[in-house]
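Visitor: I have a new structure to look at, and I'd like to learn how to read it. Could you walk me through it?

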Amino acid sequence: MEILCRTLLLVFLLHFNPDGSFYYVDGSKVEQFNASSLIRALYNNDIASLVEILTKTKYNLRSEIVAQFKDKVGKRLKDELERRLPDDALRDLLVGLALPSHVFYANELYKAIDGLGTDESVLIQILCTLTYQEMLFVMAAYESEFDRTLVDDVKDDTSGDLKMFFVSLLDSRRDDGGTVHKERAAVDARRLLKAGIEKVGTDESVFYEVLSTRNVNQLRLIFDNYKELSGHDIEKAIEMEFSWYIKEALLTFVAATRSLPVYFATRLDACMYGKVKDHRQLVRIIVRRFELDMSEIKKEYVSIFHVHLKADIYAHTEGLFQAALLNLIGLE
């Protein structure tokens with residue numbers, strides 16, 4: 001009965017026009033997001049409407065609008081956004097929404113690798129938090145977009161232990177299932193202990209092999225076994241035995257394995273409260289997660305930092321960028 005009453009109320013409040021549009025009885029138009037409205041907004045430099053269209057539509061409709069844009073205009077929305085908008089975090093956010101997630105990650109990785117210097121932290125944030133299936137899609141998108149392989153570019157632009165670990169993640173056929181083998185977990189925990197704290201020098205290859213091939217549930221059991229054997233968490237061993245970017249990569253991988261929502265909640269806080277505000281990382285996280293597990297991330301954020309994510313975004317961003325982020329974290 002409640003649903004019927006709401007439906008009748010909506011019908012009463014709406015008027016239908018011959019042009020196919022709907023209006024409320026007070027004369028205000030109901031928002032309709034389609035390729036035509038997107039084209040008008042983009043070429044009239046109506047950034048506010050672009051934000052509304054791209055941040056208030058869910059994936060299926062957004063993908064349809066982006067495809068229709070290309071059919072009507074003959075150009076990719078991504079390219080037109082990059083050509084017409086200022087190079088800032090808001091543009092990154094809108095471009096990210098114009099792409100499938102695996103293509104978005106491929107573009108982010110390319111930007112981190114291309115040009116002078118390599119942004120190792122971006123590589124770590126992406127490569128160390130993808131599942132193996134996600135990694136396969138990203139590698140395929142990278143080759144399709146840039147006519148070169150991600151593995152080759154990572155090999156060319158990184159070095160040492162970080163290169164070894166990345167190649168292990170990219171080349172390994174990681175188990176993405178959930179089956180747990182208790183005996184193997186005990187063996188791997190002992191191997192990690194012997195390769196690290198109990199060894200003069202560190203056998204890094206054991207860490208890379210175990211972390212890059214075992215499934216998430218298996219790794220969590222290995223971490224539990226390691227703590228029982230050593231009396232401390234695996235993170236302490238990594239802190240003691242590794243340094244620089246490889247330490248950051250291994251700690252990121254372990255944190256993401258333990259809980260992606262907790263990991264991303266802590267990264268979001270760091271984006272806003274770090275010495276330098278990292279709005280581009282903020283974009284990467286929210287564009288990637290807002291339709292996957294944002295409700296869980298928001299719960300963890302409150303649990304860890306005792307403030308709502310929405311409140312911190314409101315306090316640390318402004319303008320249309322702020323509006324876009326708030327739309328996305330509320331779109332569940």
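Guide: Here is a short tour, from the whole chain down to single residues.

Guide: One thing to keep in mind is that this is a predicted model.

Visitor: Fine. How many helices and strands does the chain have?

Guide: Count 21 helices and 2 strands. So you'll meet labels like H13 or H18 a lot, since helices are numbered from the N terminus.

Visitor: And how much of the chain counts as buried?

Guide: That's 45% of the 332 residues. The accessible surface of the chain is about 17,100 Å², and carbon and sulfur atoms account for 53% of that.

Visitor: What share of the contacts joins residues at least 24 apart?

Guide: Take the contacts between residues at least 6 apart in sequence: 64% of them join residues at least 24 apart.

Visitor: Let's get to the rings. What describes a pair of aromatic rings?

Guide: Two things: the distance of the centres and the angle of the planes. In this structure, a search turns up 10 aromatic pairs. One of them is Phe165 with Tyr208, a tilted pair with 5.6 Å from centre to centre and 40 degrees between the planes.

Visitor: Why is that pair called tilted?

Guide: Because its 40 degrees fall between the cut-offs: planes under 30 degrees apart count as stacked and those over 60 as edge-to-face.

Visitor: Where in the chain do the two partners sit?

Guide: Phe165 is in helix H11 (residues 160–171) and Tyr208 in helix H13 (residues 204–213), so the pair links distant parts of the chain, 43 residues apart. Phe165 has a relative accessible area of 0% and is buried, and Tyr208 is buried too, at 2%.

Visitor: Which pair could I compare with that one?

Guide: Try Tyr263 and Phe264, whose ring centres are 5.1 Å apart. Their planes stand at 65 degrees, so this pair is edge-to-face. Tyr263 is buried at 7% relative accessible area, and Phe264 is buried at 3%.

Visitor: Which residues do ring pairs link into a cluster?

Guide: Phe165, Phe207, Tyr208, Phe242 and Phe253. Two of those names come back when you look at H13, whose buried residues include Phe207 and Tyr208. The others buried in H13 are Val206, Val210, Leu211 and Ser212.

Visitor: What covers the buried residues of H13?

Guide: The cover includes H11, helix H12 (182–195), helix H14 (216–230), helix H15 (234–241) and helix H16 (244–258).

Visitor: How do I read two helices that pack together?

Guide: Look at the angle, the spacing of the axes and the residues that meet. Helix H17 (residues 260–273) and helix H18 (residues 279–289) pack at about 150 degrees, and their axes are 9 Å apart. The crossing of H17 past H18 is left-handed.

Visitor: Which residues meet there?

Guide: From H17 come Leu260, Phe264, Arg267, Leu268, Cys271 and Met272. They meet Gln281, Leu282, Ile285, Ile286, Arg288 and Arg289 of H18. Notice Phe264, the ring from the edge-to-face pair.

Visitor: Is H18 mostly covered or mostly open?

Guide: Mostly covered, with 9 of its 11 residues buried. Among them are Val283, Arg284 and Val287, along with Arg288. Arg288 also lies over the face of Tyr105, 5.1 Å from the ring centre.

Visitor: What about loops? Which residue there has an unusual sort of label, a positive phi in a residue other than glycine?

Guide: Asp147 is one, with phi near 55 degrees. You'll find Asp147 in the loop between helix H9 (132–146) and helix H10 (150–157), and it is exposed, at 70% relative accessible area. His306 also has a positive phi, near 60 degrees. His306 sits in the loop between helix H19 (294–305) and helix H20 (309–316), exposed at 69%.

Visitor: Could we end with single residues inside helices?

Guide: Sure. Val138 lies in helix H9 and is buried, with a relative accessible area of 1%. Beyond residues up to four places away in sequence, Val138 touches His102, Tyr105, Ala106, Leu109, Leu130 and Leu150. His102 is 36 residues away from Val138 in sequence, yet their C-alpha atoms are 4.7 Å apart.

Visitor: And which residues does Lys70 contact, leaving aside neighbours within four places in sequence?

Guide: Lys75 and Arg76. Lys70 lies in helix H4 (residues 59–73) and counts as partly exposed, at 45% relative accessibility.

How values were computed. Residues are numbered from 1 along each chain as its sequence is written. This is a predicted model: local features need pLDDT of at least 70, side-chain atom pairs count only at pLDDT 80 or more; totals for chains, interfaces and linings use all residues. Side-chain values use heavy atoms; hydrogens and water are left out. Helices (H or I, at least four residues) and strands (E, at least two) are DSSP runs, numbered from the N terminus. Buried means under 20% relative accessible area, exposed over 50%, partly exposed in between (1.4 Å probe, protein chains only). Contact means heavy atoms within 4.5 Å. Accessible areas come from the Shrake-Rupley method with a 1.4 Å probe; for residues, only the protein chains shown count as cover. Rings of Phe, Tyr and Trp (its six-membered ring) pair if their centres lie within 6.5 Å; planes under 30 degrees apart count as stacked, over 60 as edge-to-face and the rest as tilted. A charge sits over a ring if NZ of Lys or CZ of Arg is within 6 Å of the ring centre and within 35 degrees of the ring normal. Axes are lines fitted to C-alpha atoms, for helices over the stretch in contact, and angles run from 0 to 180 degrees between N-to-C directions. A crossing is left-handed if the near helix is turned anticlockwise from the far one by less than a right angle, and right-handed if clockwise.
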